[in-house]
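This report describes a set of protein chains, moving from single residues to whole chains and then to the contacts between helices and between chains.

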Amino acid sequence: MEKKTILYTEDIEMRFGGLYALKNVNIKIYENEILGMIGPNGSGKTTFFNVITGFYKPTGGNFYFLGERLTGKEPYDIMIRGLSRTYQTSRVCFDLTVLDNILIGTHFVQKSRYFDALFNRKKLYKEIEYYKEKAVHLLKIFNPDLVNKLFVRVGSLPFIDRRRVEISRAMISEPKLILLDEPSAGMNADETKELMDDIGKVRSEMKNATIFIIEHDMKVIGTVTERVYALNFGQVIAEGTYKEVSNNIDVKEAYFGKELDNENRFAA
Amino acid sequence: MMKKNRFFDKFIVALVELIVYFYIMIFFRVESVWILIITVILLGVIFYLSKKFKKTFELINDSFTKNSKFATFLIVILMIAFPFVSKLIVPLYIYWLLITIQTFIFAIVALGLNFQAGTTGVMNLSSAAFYGVGAYTAGYLALHYKLPAILTIPLGGIAASIFGLLLFIPIFRARGQYFALITLAFGYMFVLSLNNLNFVGGPQGLKNIPPINLFGYNFQKAPFGTHFYVNYYYLVLIILLIALLIFQRLYNSWIGLTLNYIRDDEPAAKGCGVSTNKWKLMTLLIGNFFMGIGGAIYAHMIGFISPPNFTLTISLLIISIVLLGGSDNIIGVLVGAFILVLIPEKLRVITEYRVMLYGLLIVLILIFRPKGLIPFKERIYDKVIAKEN
Amino acid sequence: MSGFAVILQILFNGIMLGIQYSMIAVGFTLFRGVLNVLNFSHGDVFMVGAFISMTLMGAFGVMSAAGLSYIGLIIVIFILSMILLGIIGVIFERLAVKPVSKGPVTMSLLATLGLGIAIREAVRLFYPRGGESKKFPELFHKLFEGTKGAFEFSGVIFRYENILFLIIGVAVVLILAFFINKTKMGLAIRAVAQDAECALMMGVNKDFIIDLTFFIGSALAALAAILYGLYYNTIVFDMGALMGVIGLSAAVVGGLGNIYGAIIGGFVFSLTEALSAALIPRGSEFMDVVAFAVVILFLIFRPSGILGEKVFERV
């Protein structure tokens, strides 16, 4: 079965002054897969995310989403084509409610604007009600408790719940590609296990979506992903299943340096 | 049992509102400064009691929340009756009427700034300049082109919006603090220019701006044997209520949500598909419009405007109103306007010290209570939506 | 006057102004670097410096002194004003500036704006007849008694006093540059400016450095105030308002956080003013507006300033 590519990059280069954060990066993302990206600190993973979401404009190369060239476009232009993302530092607005933080994810699909806000409240409420139901549905999957906290300040929730709100925000617009940037950052072992379950739930909830995860925690990558890219010093050094990549000499060198027998370190 | 509760709730709401209403009248009536001191003490006592008798206060709070439509309706009635009631109770009611009108005008301007700074996080430090654009546009058009108020007032608002666009579009690339700086510089340039441009009167300003004449009704006529200020009072009251309604509805909608997100985490907003620059421009347009309207009304009412009316100090006053009440809080803006415009009038003894106190107040608020006096309230789009949980 | 003479005059005016602006600008840039605040009360602190030095001159009976004791008195007044204002600057920093420095920069901008207004009004209200313009005593005149007082070059008259200003100004700038770049203390300041957390970990006493920076910035403002007073002969309670905005604009133009940039920015601003005053009809009325317009252009097209401030938004 021919796999459809939904996003691919051509020789992406990201230079900051004299430093190459990304160089000759060629990556393909296939429809419906769960793709992972690993690499030591500073290898350029988040930079790559930022490039394909428009936060950084690449200094060289191109990337295409669903056949359309999106290089140089602004984030809002890119995201409305069916991407969404979470952030390493879990960016949610602490002072806003849980519902608000999820609803913003529907920004480019909802229809009411100034006119309706002022003159056609009924239509507005109908739309909000509709998306509120969706949000409730999503939250139920992750943590039914949260359903009772729709109007609570997100800042008062524990970290893992804030992550879940952020993931719900990324999911509610039913994107074709979800980018998760180090979702397990800041979590302990138990929370990470919950997270892995969560990702599984995302997958079963959105059967047509493609998920792309950057991770540091090898357990997560090993358990959840189908295919992995490894990055080091801004370049792709390996690609394949987790097993293949973790046994790759270059990858081991990147993490541990030369001349060390580290077969065990990668055991998932 | 249900029916009795509903009536009881409304009774509580009416009682509280009437007490506050007549207390304000007394506040106006009593000449000596003692009334202010007594008020402060009373407020302290109430504050203390609210901690001790939490349950009772929560009950009162709930009554207001459950009957917010009724509460608002009653306040509007009271405000409509205000000129006539005050005539009976307060001997100097004409003076206080004027002060109240000024308070409302600043509230309208502050609502505009609140939409920009409080809701969207766009720090516009030259609100007085746009207030001034509205005033000068309306004044000039009325004086030299004999345009009627029905045109000059909206044109004042539109002029402020356009002026704002001309200024803000080029400087959008500038980050937060630089943006604020530029608006500050613009405020200075505005006053400096006014002082040197002769066609708007230079340092003397515009004099003899014609009063409002709405569909043949001359605002200089005193209705029902009161005073012609009453006409302006109702005009400003209507515009204030419209402004409140507009901003309330905008807040409780996608608009408010999106703008809040831009304020609190702009990159995350971009990541959700928000084209932040366009939205910020919209806020600037709308906010400036109201600032201009406020200025236009002021010009017609007072009949005389000059550069010192639109300096940085005035911008600071408006910012303090927004900060004191609580940014992004419509009720807060009203409270702030009340406190910062009305109360200093009582302190005529210390008029000299007023500006210094404003300065100190800003410092103190930002050090101790940057979120303002009125506590934060979550966005609940509609009670119905919030209920089904 | 010949074309050359005009240019020379403009240059000289510009330089005289530039020295004052630079010293204020340096204060702004230091505060921004070390505490991450835009300290709008600095202009009004400058004004306080003018009032302090004027009062000191009156109190010390400067006018009645003679000979060497006169020069000694001048030096004492300079130093005393600088120290006093330095202390006042630190007091304000501790009371009002540091507490608001933790929040977003726009908050500190507002708060210091309010503080500046409060200071300005306090002087107006509490200094005897504070609302009026005050005559600033002439200090250097006596030094040049018996001389022509000025010399001529290419049709432009240069007064000895002004040359003295120039020398003092340049000397101070050089001393400052030396201090910041070659001493341990200066190194500490630069460290805190670049990365306060890291500096703390390296053993630098952050709070002391912040106090020191405010002291230096305010002392420089005192110097600028004295030069201002001697140059214009008049001071008034709201002179700090405009100077504050100018100083900050100059610091931004030069690149916030960069001391050399602040100095350059000061001169850019003053030369722009001098040029517009000389070349545009009714220019002296509009020169501030023109200069601000230039600043705005800078902020649009090159917000990092002439010498650059590191600007980067992490996502």
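A residue counts as buried here if 20 or more other C-beta atoms lie within 10 Å of its own, and as exposed if 12 or fewer do so. The model to which this cut-off is applied is a predicted one.

## Two residues with positive phi

With 20 C-beta neighbours inside 10 Å, A:Ser90 counts as buried, because burial requires 20 or more such neighbours. Its backbone is also of interest, since A:Ser90 is not a glycine and yet has a positive phi of about 50°. In the chain, A:Ser90 is placed in the loop that runs between strand S7 (83-85) and helix H3 (98-103) of chain A.

Chain B offers another case, in which phi of B:Asn208, a residue other than glycine, has a positive value near 60°. B:Asn208 likewise belongs to a loop, the one between helix H8 (176-196) and strand S1 (213-214) of chain B. Is B:Asn208 buried or exposed? B:Asn208 has 9 other C-beta atoms within 10 Å and is therefore exposed.

## The chains as wholes

The table sets out the secondary structure, extent and burial of each chain.

| Chain | Helices and strands | C-alpha span along principal axes | Buried residues |
|---|---|---|---|
| Chain A | 10 helices, 11 strands | about 70 × 40 × 40 Å | 45% of 268 residues |
| Chain B | 16 helices, two strands | about 70 × 60 × 40 Å | 45% of 389 residues |
| Chain C | 11 helices, four strands | roughly 65 × 45 × 40 Å | 47% of 315 residues |

For chain A, which has 10 helices and 11 strands, the radius of gyration is 19 Å, in agreement with the value near 18 Å that a compact globule of 268 residues would have. Among the contacts in chain A between residues at least 6 apart in sequence, 68% join residues at least 24 apart.

Chain B contains 16 helices and two strands. Its radius of gyration of 22 Å is close to the 21 Å that the globule rule gives for 389 residues, so chain B is as compact as a globular protein of that length. When contacts in chain B between residues at least 6 apart in sequence are considered, 78% of them join residues at least 24 apart.

Chain C is built with 11 helices and four strands. The radius of gyration of chain C is 20 Å, close to the 20 Å given by the globule rule for 315 residues, and chain C is therefore as compact as a globular protein of that length. Of the contacts in chain C with a separation of 6 or more, 76% are accounted for by residues 24 or more positions apart.

## Helix packing in chains B and C

Two packed helices are described by the angle between their axes and the distance between the axes. In chain C, the axes of helix H1 (residues 3-35) and helix H8 (residues 206-232) come within 9 Å and cross at roughly 165°, which makes H1(C) roughly antiparallel to H8(C). The crossing in which H1(C) passes H8(C) is left-handed. By class, this contact of H1(C) with H8(C) comprises 20 nonpolar and five polar residues, with no charged residues.

In chain B, helix H13 (residues 312-325) packs with helix H15 (residues 354-368) at an angle of about 40°, their axes being 10 Å apart, and this angle makes H13(B) oblique to H15(B). The crossing of H13(B) and H15(B) is left-handed. Which residues of H13(B) and H15(B) make the contact? H13(B) contributes B:Thr313, B:Leu316, B:Leu317, B:Ser320, B:Leu323 and B:Leu324, while H15(B) contributes B:Val355, B:Tyr358, B:Leu361, B:Ile362 and B:Ile365. By class, the contact of H13(B) with H15(B) has nine nonpolar and two polar residues and no charged ones.

## The contact between chains B and C

Between the chains, 34 residues of chain C are in contact with 35 residues of chain B. On the side of chain C that touches chain B, the elements that give two or more residues are helix H3 (67-100), helix H4 (105-126), helix H9 (239-254) and helix H11 (283-301) of chain C. H4(C) gives the most to this side, with 14 residues. By class, the residues on the side of chain C that touches chain B divide into 27 nonpolar, four polar and three charged.

Notes. Residues numbered from 1 in each chain as written. Chains lettered and ligands numbered in written order. Predicted model: local features only at pLDDT ≥ 70, side-chain atom pairs only at ≥ 80, totals over all residues. Axes fitted to C-alpha atoms, helices over the stretch in contact; angles between N-to-C directions. Parallel < 35°, antiparallel > 145°, perpendicular 65-115°, else oblique. Left-handed = near helix turned anticlockwise from the far one by under 90°. Nonpolar A, V, L, I, M, F, W, Y, C, P; charged D, E, K, R; others polar. Rg over C-alpha atoms; globule rule 2.2 N^0.38 Å. Contact = placed C-beta atoms within 7 Å.
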